[in-house]
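Let's take a walk through this model, starting with its pocket and ending in its core.

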Amino acid sequence: CLVGLVFMLILDVCADAVHDEKVMEEIGQLVLKRAETMNDYYIGELEYIHAEEILRDFETGDLLEDDLENLKIWEHTDIDTVNDVEIVQVTLVEDNPDFLSASVIVSWNVSGLDGDAVFESTYETKCEKSGKTLKLSQFF
């Protein structure tokens, strides 16, 4: 009977680890999709209406409104172009019934007026739970 209880506890711990891994992967994908969508608009590969549709698919709240406004503000400016972006690490900070929060380290390779640069930045993110999907609601 004790062996059965230990086995059930091990299964529960493994299930939680798999869940956390999937969630961290999904958060990383949302951050990448945001960066790629905004960059594609800035370099002229997406029209505003298409960038807006894509962002509305996976963003919500103030972040969505701010990003849509930023697309308009930064259009036709000398904003740095993202050559490559990679997720280095995602650390789940909080998982509750309504939202997830995570710390995300992103590696950027950009080109701008000052030349090329490669750097890493850490961002705090929040994702609202909408059924079985996540929507990025904060990124700072």
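A pocket here is an open set of grid points with protein on both sides within 12 Å along at least five of seven lines, and its lining residues have an atom within 4 Å of a point. Keep in mind that this is a predicted model.

So what does the largest pocket look like? It has a volume of about 390 Å³. Its lining counts 17 residues, with Arg-34, Met-38, Tyr-42, Ile-79 and Trp-108 nearest the centre. By type, that lining splits into 12 nonpolar, 2 polar and 3 charged residues. H1, H3, E2 and E3 each put in at least two lining residues, and H1 gives the most, with 6 residues.

Now for the core. The largest nonpolar core holds 31 residues, and Ile-27, Leu-71, Val-85, Val-106 and Trp-108 touch the most other members. These elements each supply at least two of its residues:

| Element | Residue range |
|---|---|
| Helix H1 | 2–42 |
| Helix H2 | 48–58 |
| Helix H3 | 61–74 |
| Strand E1 | 81–95 |
| Strand E2 | 99–112 |
| Strand E3 | 115–130 |
| Strand E4 | 133–139 |

Here too H1 gives the most, with 9 residues. Leaving aside neighbours within four places in sequence, Ile-27 is in contact with residues including Val-90, Leu-100, Thr-125 and Leu-134.

Thr-37 is worth a look as well. This residue sits in helix H1 and counts as buried because its relative accessibility is 5%, where the cut-off is under 20%. A polar atom of the Thr-37 side chain lies 2.7 Å from the backbone oxygen of Lys-33. Beyond four places in sequence, Thr-37 is in contact with Leu-46, Ala-51, Ile-54, Leu-55 and Phe-58.

How values were computed
Residues numbered from 1 in each chain as written. Predicted model: local features only at pLDDT ≥ 70, side-chain atom pairs only at ≥ 80, totals over all residues. Heavy atoms only, no water. Core = buried A, V, L, I, M, F, W, Y, C linked by side-chain atoms within 4.5 Å. Buried < 20%, exposed > 50% of the residue type's maximum accessible area, 1.4 Å probe, protein only. Helix = DSSP H or I, 4+ residues; strand = E, 2+ residues; numbered from the N terminus. Contact = heavy atoms within 4.5 Å. Polar contact = N/O pair within 3.5 Å; in protein donor to acceptor, adjacent residues only side chain to side chain. 1 Å grid on protein atoms, 1.4 Å probe; cavity = no way out; pocket = protein on both sides within 12 Å on 5 of 7 lines; lining within 4 Å. Points joined across faces, edges and corners; volume = space filled by probe spheres on them. Nonpolar A, V, L, I, M, F, W, Y, C, P; charged D, E, K, R; others polar.
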